[in-house]
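Visitor: Please take me through a close look at one part of this model, the loops next to a strand. Once that is done, set the part in the context of the rest of the chain.

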Amino acid sequence: MKDLPSETDFVVIGAGVAGLRAAIELAAAGRVLVLAKKEIPNLQTPDPKSEARWLSDEDEVSLHLQDTLDAGDGLCNLAAVKLLLEEAPERIEELVSWGKHTGTKLVFGPENPHSRSRTLHAEGQPAGRETLRVLRDKAQSMKHISIVQFTVATGLLPDAGSITGISILDEKGTPQDLPCASVLLATGGLGHIYRNTTNPETATADGIALAFHAGAELSDLEFIQFHPTALYMKKVPRIPLPETMLNEGAYLRNFELDRFMAKYHPAGERAPRDLIARAMMHEMEVSRAKDPFVYLDLTHLRATAVQKHFPRIYATCMAHNIDITEDVIPVLPAASFSMGGVRVDLDGRTNVRGLFAAGEVAATGLHGANRLPSNALLEAVVYGARAGKAMRESARSQLAVASHPKAAYSNGPVDSGAEATIAQIQDLMWRDVGIVRTRAGMQRAVKRLEEMAPELAHPKTRRAYEAWNLHLAASLVARSALAREESRGAHYRIEYPDHDDKKFLKHSVIRGDKVVFLS
Ligand SMILES: Cc1cc2nc3c(=O)[nH]c(=O)nc-3n(C[C@H](O)[C@H](O)[C@H](O)COP(=O)(O)OP(=O)(O)OC[C@H]3O[C@@H](n4cnc5c(N)ncnc54)[C@H](O)[C@@H]3O)c2cc1C
């Protein structure tokens, strides 16, 4: 990792899969600064998450296409899906060749609801982590790329309708402005607007807020996917337990240890994931427990088979004193993926000149109203590369000038109140704009968020910026959800349980203070 350079040509905000893949593309055109607000995760540490979904040799493109369209519930952008599938093989071959010296062995395995084997594994390691490791090593080997950790982008600098730089807080908390030719937002998700999320702690919607303040349009923000079975333990991150556990015979049990899924769907624990999440929420609500959750039960399955099929989950739960072959596992649904984001074309261009977006923060319309599990990493690789190429091609000729440190805040700003405000936003969103939505709940959320706005103005510290960003993203999600008067994909409203294709077979778009619907 490097120190902050005083000059750069391109800034990539985010050092995940999308940001790193774009940076590799951009390095041919100039100096690239990649920012990560936290440490890039230690990729040697065992991690139970993130298998990656790719297209296997024996697979048929049409099956993947159909599965993606089915999951998207009528709202997928067909061109974005086709492009993903067309370009995926080349992007994957590239990754495999970059990672070859490590001897990574890639194999494919099944995972529902995909109709065929389409999950890439890397010698027992999650392929998502392996992908990030390969991209990080490749980017670090390129002399034009500087990856700088612990530096937070706090603003985009506009000039005559174009983005010409960014504002940051550096590692010491000193604000600086950094000019550049163009900026890529690759900041990941917004899961932390909710009390329960499987997202990394960096997923505080910074890219959404940066884009909105710069005048960029946002799209489909009401569509948030909730992973039904996240491990629930106090003070432990919500680790997603794979849905294959349900497909392989695990039971869901309520607080009284009764199985309940048959009441909600004839397929029981094999019902669609959104329906499972809603059933779980209902059981949690009627339990009237102060701290509700349900249980995932594998104790009736053969212990050796459970250990063999889920070695990482077995080890992770053991580390928290849960033996999944003998104990039931406390679980609840948790926000896992944002289908919407900054509205972009198929090359990652936003409506603001010099501003691009890729990965989870971007909305190409690829996922429609719900994501096919694991299409996200493929999206980050394919669309990260496309955005990098487009930025390279549209680079303006002038080189960026040196950065300007601003005065450091005297006495060092403190984060007083940010934590409590974030907790309030998360509780509000979980209760009123979560898995099951009502008009009254969403109106209450919008109103309360409006009342909170003055407390959040003029942030100075990293955490205060995150609170500000989460507050804005929460308001935009709530307003988009209120505007969509139907149920579709991951958006479920009690008053409107069905589709309304006539009015809403369209994407929601936030333009300034309005939510409009466009085909
Ligand atoms: C637990 C879990 C399991 C998943 N499993 C799968 C799976 O099996 N298959 C699949 O396809 N997808 C999966 N996903 C989704 C997928 O991993 C993500 O959608 C994808 O990694 C997003 O990549 P990204 O590059 O867009 O963002 P991220 O990887 O989230 O990277 C965001 C980067 O932005 C930086 N950042 C954010 N804000 C700022 C700021 N203001 N200033 C500077 N830097 C900033 C962060 O530090 C980070 O480096 C999973 C996600 C989670 C959380």
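Guide: A strand here is a DSSP run of E at least two residues in length, and strands are numbered from the N terminus. With that in hand, A160 can be placed in the loop between β8 and β9, the latter covering residues 162-169. The model is a predicted one. The backbone at A160 has a phi near 50 degrees, a positive value in a residue that is not glycine. A160 counts as exposed because its relative accessible area is 70%, and the cut-off for exposed is over 50%.

At the other end of β8 is the loop that holds F150, between β7 (145-148) and β8 (152-159). F150 is also a residue other than glycine with a positive phi, in this case near 60 degrees. Its relative accessibility is 29%, so F150 counts as partly exposed.

Around these loops, the chain contains 14 helices and 22 strands. It has 519 residues, and 57% of them count as buried. The exposed area of the chain is about 21,500 Å², with carbon and sulfur atoms supplying 52% of it. Of the contacts between residues at least 6 apart in sequence, 71% join residues at least 24 apart.

For a buried residue, turn to R253 in strand β14, which spans residues 251-253. R253 is classed as buried because its relative accessible area is 18%, and the limit for buried is under 20%. Its side chain makes a polar contact of 2.7 Å with the side chain of D297. Leaving aside residues up to four places away in sequence, R253 touches D258, R259, F260, V294, Y295 and D297.

The strand that holds R253 belongs to an open sheet of four strands, in the order β13-β16-β15-β14 and with antiparallel pairing. β13 (224-231) and β14 are at the edges with a single partner strand each, so each has one side without a neighbour in the sheet. From one strand to the next, the twist averages 45 degrees. At the β13 edge, six bridges join β13 to β16 (residues 329-338), and the two run antiparallel. Within that pairing, Q225 stands opposite F337 of β16.

Another open sheet has five strands and mixed pairing, in the order β19-β17-β12-β21-β22. Its edge strands are β19 (362-363) and β22 (514-518), each of which pairs on one side only. Strand β21, at residues 507-511, is joined to β22 by five bridges, and this pair runs antiparallel. One residue of the pairing is V509, whose bridge partner in β22 is V516. Helix α13 (residues 462-483) packs on this sheet, where it touches β12 (218-219), β21 and β22. The direction of α13 makes about 50 degrees with that of β22.

To return to the part you asked about: β8 has a loop on either side, with F150 in the loop between β7 and β8 and A160 in the loop between β8 and β9. F150 is partly exposed, whereas A160 is exposed.

How values were computed:
Residues numbered from 1 in each chain as written. Predicted model: local features only at pLDDT ≥ 70, side-chain atom pairs only at ≥ 80, totals over all residues. Heavy atoms only, no water. Buried < 20%, exposed > 50% of the residue type's maximum accessible area, 1.4 Å probe, protein only. Contact = heavy atoms within 4.5 Å. Areas by Shrake-Rupley, 256 points an atom, 1.4 Å probe, with all protein chains shown as cover. Pairing = 2+ DSSP bridges. Axes fitted to C-alpha atoms, helices over the stretch in contact; angles between N-to-C directions. Polar contact = N/O pair within 3.5 Å; in protein donor to acceptor, adjacent residues only side chain to side chain.
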